[in-house]
Amino acid sequence: MGSYRIPLVDLRAQYLSIKEEIDEAVARVVEHTAFVLGEEAEGFEVEFGQYCGVKRCVACANGTDALELALESLGVGAGDEVITVAHTFIATAEAISSLGAKPVFVDIRPDTLLMDAAKVEGAITEKTKAIVPVHLYGQMCDMDAILAVAKKHGLRVVEDAAQAHGATWRGRRAGTWGDAASYSFYPGKNLGAFGDAGAVATNNVEAANWMARARNHGRLTKYEHEFPGRNSRMDGIQAAVLRVKLRHLDEWNRARSAVAMAYREALQSAMPEAQVVGEVVEGSAVHHLFVVSVQDREAGLARLRAQGIEAGVHYPVALHQQPAYRALGLQLGALPVTELAAARVLSLPIYPELNEGLCGEVVSVLAGR
Ligand SMILES: *Cc1c(COP(=O)(O)O)cnc(C)c1O
């Protein structure tokens, strides 16, 4: 990261903008030696639960665990099938396969690159237990259409909201639509900790109570373990950092929107052939990533790199093409929209502290003009 003039994300700039608040919060945890769960984690659960608009939030060690815990709490297990997308980070599918369940991939929409709700029903079998829509790049999937199919077939819905802190679908956030939503607070996410952290947001109190025990060795009381759980607890320092950052999240998301708007305008005039990921009208996006599809990605990446501009690719290999999931037997051509996206998407630098004035320059470098 350090060698780029314009990095993909700039976590240091964000830290410096709130240094005093963060340093004070971290010092408080160290002073109290409340290193695992404890008061800060409980405080964060209340505050993030309120932010999402749900009854309960359960903090855990990372976003992958959050998704796995949520699915398990709803009864997903060995032999079940879970419908999701292959155009996502591998963690989405890992959480499913870790439970002994099978990820079943459906294609995405060409405009938004989000789950194509119209493809879900055709993927349902008698083994299907749940659907995991992924709110990729910071905007929410069509929750009305997905919930309608889920309801018709009696399926659970767990939203993967690792990239969508604060995003809404018709005014409501992830976790209020499905049975639960999993969030990741990996440092580079819109709400990022200083290490790994995650949480589940849900209105299902029973599931939340189960997850709160499952993440902490199935513990009921100090020496009483109701069932064999696991260790997926949130650190006190992460919780304290997240509580500080949560107070800034909306303002940061607004700054991201301004950057995204500047990119859109620059692309429209300088590079009309680039396809920008479409914005969903029923939702409001939080622009975790700014993604464009281009014909010759390698050339674009090389031009950016040569000018000290860091770009990313989210994601170059669809999950059904990964060695990890080849055993599912999906051939090349099985998910045409997904495969085309994997070949063409490119992520431009975006973070709240990025000067919008630089967007025009990034776009002209990408365009090679
Ligand atoms: C980051 C991410 C995850 C996993 O979160 P971790 O905290 O890294 O375990 C899951 N799904 C998506 C879409 C992500 O972007």
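The following exchange concerns the sheet of a predicted model and the helices on it.

Biologist: Why is strand β1 called mostly covered?

Modeller: A residue counts as buried under 20% relative accessible area. In β1, residues 56-60, 4 of the 5 residues are buried, so the strand is described as mostly covered.

Biologist: How do you know that β1 pairs with β9?

Modeller: Pairing requires at least two bridges between the strands. Between β1 and β9 (residues 198-202) there are 5 bridges, therefore they pair. The two strands run antiparallel, and Val-58 stands opposite Val-200 in β9.

Biologist: What makes β2 and β4 a pair, and in which sense do they run?

Modeller: Strand β2 (residues 81-85) and strand β4 (residues 128-131) share 3 bridges, and at least two are needed, so they pair. Their sense is parallel. Here Ile-83 stands opposite Ile-131 in β4.

Biologist: What is the order of the strands in the open sheet, and which are the edge strands?

Modeller: The sheet has 7 strands in the order β1-β9-β8-β5-β4-β2-β3, with mixed pairing. Strands β1 and β3 (102-106) each pair on one side only, and these are the edge strands. On average, neighbouring strands are turned by 25 degrees against each other, direction ignored.

Biologist: Which strands does helix α3 touch, and what counts as contact?

Modeller: Contact means heavy atoms within 4.5 Å. Helix α3 (residues 38-52) touches β1, β8 (180-184) and β9, packing on the sheet. The direction of α3 makes about 130 degrees with that of β1. Helix α6 (residues 143-153) also packs on the sheet, touching β4 and β5 (156-160); the direction of α6 makes about 150 degrees with that of β5.

Methods
Residues numbered from 1 in each chain as written. Predicted model: local features only at pLDDT ≥ 70, side-chain atom pairs only at ≥ 80, totals over all residues. Heavy atoms only, no water. Buried < 20%, exposed > 50% of the residue type's maximum accessible area, 1.4 Å probe, protein only. Helix = DSSP H or I, 4+ residues; strand = E, 2+ residues; numbered from the N terminus. Axes fitted to C-alpha atoms, helices over the stretch in contact; angles between N-to-C directions.
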